[in-house]
Amino acid sequence: VDMDEPVLALTADQALEIFRRRPEVADAGASLTCTQLSQQFEVTTTTIRHIWNRQTWKGTTLPLWTQQELQAGTLKNLCAQCREAGVTDLRQGCASCPIKRGGKRGRPSGTK
């Protein structure tokens, strides 16, 4: 990917395809797959990793998350009201929950 050229925004279908194609184990093969996908979708390898790591496109990829990923992401992706109500499944969160609101495009918060 030539970083001097504008990068097109991904569609939800493309984000789902990238998430589906993530490797089961992070190893040397994952780097190759990441590079191949970045070239195919004309985005950076960081974009691919953020989708794989559930930092971006969370609401879109949620149906593909494993049970372990759902449990790990519950507290930070539910609003205070749902946490207080005892909601334990991200899919059961209300429309105010961060996972349901989506979020802005671009870098995840806290990155430079």
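Q: Which residue just after α3 takes a positive phi?

A: Most residues other than glycine have a negative phi. In this predicted model, R54, just after α3, has a positive phi of about 65°.

Q: What is phi in E42, and where does E42 lie?

A: E42 has a positive phi near 55°, and the residue is not a glycine. E42 sits in the loop between α2 and α3. With a relative accessible area of 48%, E42 is partly exposed. The C-alpha of E42 lies 9.1 Å from that of L10, a residue 32 positions away in sequence.

Q: What is phi in W57, and in which loop is W57 placed?

A: W57, likewise not a glycine, has a positive phi of about 60°. The loop that holds W57 runs between α3 and α4 (58–61). The relative accessibility of W57 is 24%, so W57 is classed as partly exposed, since the buried class requires a value under 20%.

Q: How many helices and how many strands does the chain contain?

A: The chain has seven helices and zero strands. Its order along the sequence is α-α-α-α-α-α-α.

Q: How should one read the overall burial and surface of the chain, and what share of its residues is buried?

A: In soluble globular proteins, nonpolar side chains tend to be buried together. Here the chain has 112 residues, and 29% of them count as buried. The exposed area is about 7,500 Å², of which carbon and sulfur atoms supply 48%. As for contacts with a sequence separation of 6 or more, 48% join residues 24 or more positions apart.

Q: Which residues have the most contacts inside the largest nonpolar core?

A: The largest nonpolar core comprises 20 residues, and those with the most contacts inside it are I18, I48, W65 and L90. The elements that give two or more residues to this core are α1 (12–20), α2 (28–41) and α3 (45–52).

Q: Which residues does I18 contact once neighbours within four places in sequence are set aside?

A: With those neighbours left out, I18 is in contact with L10, L37, F41, I48, I51 and W52. Of these partners, I48 is also listed among the core residues with the most contacts.

Q: How is the packing of two helices described, and what are the values for α1 and α3?

A: Two packed helices are described by the angle between their axes and the distance between the axes. For α1 and α3, the angle is about 75° and the axes are 9 Å apart. The two helices are therefore roughly perpendicular, a class that covers angles of 65 to 115 degrees. On the α1 side, the contact is made by A15, I18 and F19, and on the α3 side by I48, I51 and W52. By residue class, this contact has six nonpolar, no polar and no charged residues.

Q: Which residues of α3 are buried?

A: An α-helix has 3.6 residues a turn, so residues three or four places apart point the same way. In α3, the buried residues are I48, H50, I51 and W52. Three of the residues named there, I48, I51 and W52, also make the contact with α1.

Q: Is L62, in the loop between α4 and α5, buried or exposed?

A: L62 lies in the loop between α4 and α5. Its relative accessible area is 9%, so L62 is buried. Leaving out residues up to four places away in sequence, L62 touches L70, L90, R91 and I99. The C-alpha atoms of L62 and I99 are separated by 8.5 Å, although the residues are 37 apart along the chain.

Q: Where does C79 lie, and which residues does C79 touch beyond four places in sequence?

A: C79 belongs to the loop between α5 and α6 (80–84). With 13% relative accessibility, C79 counts as buried. Beyond four places in sequence, C79 touches C94, S96, C97 and P98. The C-alpha distance from C79 to I99 is 8.8 Å, at a sequence separation of 20 residues.

Q: In which helix is Q67 found, and how far in space is Q67 from D89?

A: Q67 is in helix α5 (residues 67–77). Q67 is partly exposed, with a relative accessible area of 47%. Q67 and D89 are 22 residues apart in sequence, and their C-alpha atoms are 9.5 Å apart.

Notes:
Residues numbered from 1 in each chain as written. Predicted model: local features only at pLDDT ≥ 70, side-chain atom pairs only at ≥ 80, totals over all residues. Heavy atoms only, no water. Buried < 20%, exposed > 50% of the residue type's maximum accessible area, 1.4 Å probe, protein only. Contact = heavy atoms within 4.5 Å. Areas by Shrake-Rupley, 256 points an atom, 1.4 Å probe, with all protein chains shown as cover. Core = buried A, V, L, I, M, F, W, Y, C linked by side-chain atoms within 4.5 Å. Axes fitted to C-alpha atoms, helices over the stretch in contact; angles between N-to-C directions. Parallel < 35°, antiparallel > 145°, perpendicular 65-115°, else oblique. Nonpolar A, V, L, I, M, F, W, Y, C, P; charged D, E, K, R; others polar.
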